[in-house]
Amino acid sequence: MAMAVAQQQHRESSSDGFDRHLDAGKYVRYTAEQIEALERVYAECPKPSSLRRQQLVRDCPILANVEPKQIKVWFQNRRCREKQRKESCQLQTVNRKLNAMNKLLMEENERLQKQVSQLVCENGSMRQQLHSASAATDASCESVVTTSQHSMRDANNPAGLLSIAEETLAEFLSKATGTAVDWVPMPGMKPGPDSVGIFAISHSCSGVAARACGLVSLEPTKIAEILKDRPSWFRDCRSLEVFTMFPAGNGGTIELIYTQIYAPTTLAPARDLWTLRYSTTLENGSLVVCERSLSGSGAGPNAAAASQFVRAEMLPSGYLIRPCEGGGSIIHIVDHLNFEAWSVPEVLRPLYVSSKAVAQKMTIAALRYIRQIAQETSGEVVYGMGRQPAVLRTFSQRLSRGFNDAVNGFNDDGWSVLNCDGTEDVVVAVNSTKCLGAISTHCSSLPLLGGILCAKASMLLQNVPPAVLVRFLREHRSEWADFSVDAYSAAALKANSFTYPGMRPTRFTGNQIIMPLGHTIEQEEMLEVIRLEGHFLPQEDAFISRDIHLLQLCRGTDENAVGACSELVFAPIDEMFPDDAPLLPSGFRVIPLDSKSVEFFT
């Protein structure tokens with residue numbers, strides 16, 4: 001009897017425990033007010049502790065009838081839904097990217113098939129001509145594609161300009177999506193879902209040309225606006241000035257543009273371009289921005305100021321921007337130029353006849369810049385020291401522009417070369433029209449009678465990989481930086497204490513600390529702050545900071561990356577440099593000239 005009673009009590013207690021478990025885990029229908037209260041807590045703390053959940057029940061009367069265990073289950077489910085939502089968005093993004101890349105690859109395959117068919121047809125035609133005694137030479141000339149030269153007299157009336165613009169559009173589209181140019185894959189750049197895009201360079205055509213296709217998560221109008229602002233992304237572009245603009249058909253515009261391009265070395269003259277740019281919308285909704293040179297009797301604008309430039313030619317080039325399903329755009333970029341290689345020393349001509357160099361400096365740079373802005377807009381890129389992406393891009397551009405100004409030393413900027421009795425390989429130039437306190441984007445150097453003194457040199461180095469040399473310069477400053485150079489830089493800062501408060505002349509002891517500031521999405525370019533620890537000169541106050549800070553731009557340190565050149569450019573700054581801090585950049589540029597790893601060093 002006692003055993004039967006005990007068994008009955010055990011069954012009742014088990015049943016009560018099971019019922020309590022069901023009550024604790026049963027589904028609860030929350031009211032809108034309860035969900036709102038829980039969402040507020042979730043926004044602050046997605047995974048609250050047991051004490052926080054109990055406090056939530058006490059502080060919110062509307063949750064008084066909900067047990068803490070049920071609230072715990074709600075937060076678990078909420079985190080699970082959030083994770084599923086993020087994974088779903090990521091998968092949708094990857095799927096859109098793969099679909100767009102697949103579309104690009106299919107178009108590229110179709111273009112290649114057309115090119116093969118065209119080559120087979122031309123091959124058969126040539127065979128027939130060789131075996132036919134009556135073949136005329138005119139027949140072989142029909143397949144040759146020629147680019148007509150447009151004289152400035154065609155620009156005297158809008159009708160003539162519109163005719164040039166329409167012809168430019170047709171020729172550009174034939175290059176971007178057709179077989180007007182014999183394209184070959186860019187060495188070292190393989191297409192795929194993780195690549196920047198599809199790249200190709202010209203083979204056996206007049207001038208040098210490069211082509212790129214890629215997917216960018218920006219709207220076509222925004223992309224066109226960015227790409228048309230060439231000085232913002234093309235580091236070798238000194239200036240771009242629109243002289244005339246008037247509307248054309250289909251809501252398009254025609255512009256007459258004068259562009260100046262820096263020379264990459266001290267041994268070559270700079271280039272300029274006088275072009276027509278045509279912007280329009282196609283019937284399928286795609287945006288097109290195409291451009292070509294205007295040549296002939298016209299000398300172009302600012303002929304007197306352009307005496308230091310060699311007139312280059314831009315064959316039909318531009319951008320085809322197509323809206324993509326699900327957002328974003330597919331971009332086709334073509335750059336086709338003739339840089340007049342005859343005007344530079346023979347050792348430098350590889351830089352001016354290389355379609356690979358055009359691809360690296362212009363075509364790839366444009367696509368990477370667009371992708372960089374797209375990722376910054378989406379919040380995927382995080383920068384240090386509280387700086388905004390646009391501010392850091394501005395600093396990088398100012399460093400590059402200041403270094404290019406120093407290398408080129410244009411007369412219209414106030415530069416004049418000094419007569420040197422010493423080493424002929426070193427060029428010394430002076431600019432007395434500028435002073436450190438008023439400068440923002442000019443070259444490296446030392447103050448001289450209220451101006452700037454600049455010394456520059458170039459040399460050839462055999463069998464020295466650019467990436468290795470720039471890494472050495474960046475990481476081993478004590479082995480090449482003479483303390484007197486840093487002392488002069490600090491002296492310049494002292495002379496302008498209103499610009500750089502607290503900076504004093506010091507001797508560099510060899511200790512440097514690299515503080516990352518920002519980098520591009522593929523890390524081919526880095527912006528950083530360098531702190532140099534030094535000793536005071538005897539006459540200085542021992543209580544004032546002895547360190548020197550440099551703002552430094554470094555690119556081309558990856559030996560496996562495809563890059564036009566490697567650079568290390570730096571400028572002295574204040575420890576807490578403002579966004580408008582004046583910069584006097586100095587530095588090094590290493591450019592590969594041929595396959596034997598012969599580099600040009602500036």
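**Exercise 1.** At roughly what angle do the axes of helix 7 and helix 10 cross, and within what distance do they come? Classify the crossing and identify the contacting residues.

*Solution.* The model is predicted, with local features needing pLDDT of at least 70 and side-chain atom pairs pLDDT 80 or more, while totals for chains, interfaces and linings use all residues. Residues are numbered from 1 along each chain, and side-chain values use heavy atoms, without hydrogens or water.

Step 1. Helices are DSSP runs of H or I with at least four residues, and strands are runs of E with at least two, numbered from the N terminus. Helix 7 comprises residues 220–228 and helix 10 residues 355–377.

Step 2. Their axes come within 11 Å and cross at roughly 130°; axes are lines fitted to C-alpha atoms over the stretch in contact, with angles from 0 to 180 degrees between N-to-C directions.

Step 3. The two helices are therefore oblique to each other (angles under 35 degrees count as roughly parallel, over 145 as roughly antiparallel, 65 to 115 as roughly perpendicular and the rest as oblique).

Step 4. From helix 7, Ile 223, Ile 226 and Leu 227 meet Ala 366, Tyr 369, Ile 370 and Ile 373 of helix 10, contact being heavy atoms within 4.5 Å. These residues divide into seven nonpolar, no polar and no charged (nonpolar: Ala, Val, Leu, Ile, Met, Phe, Trp, Tyr, Cys and Pro; charged: Asp, Glu, Lys and Arg; polar: the others, Gly among them).

**Exercise 2.** Which residues lie nearest the centre of the largest cavity?

*Solution.* Step 1. The lining has 13 residues; nearest the centre lie Arg 230, Glu 291, Gly 318, Tyr 319 and Asp 335. A cavity is a set of points on a 1 Å grid over the protein atoms alone where a 1.4 Å probe fits but cannot get out, and lining residues have an atom within 4 Å of a point.

Step 2. By class, the lining divides into seven nonpolar, two polar and four charged residues.

Definitions and conventions. 1 Å grid on protein atoms, 1.4 Å probe; cavity = no way out; pocket = protein on both sides within 12 Å on 5 of 7 lines; lining within 4 Å.
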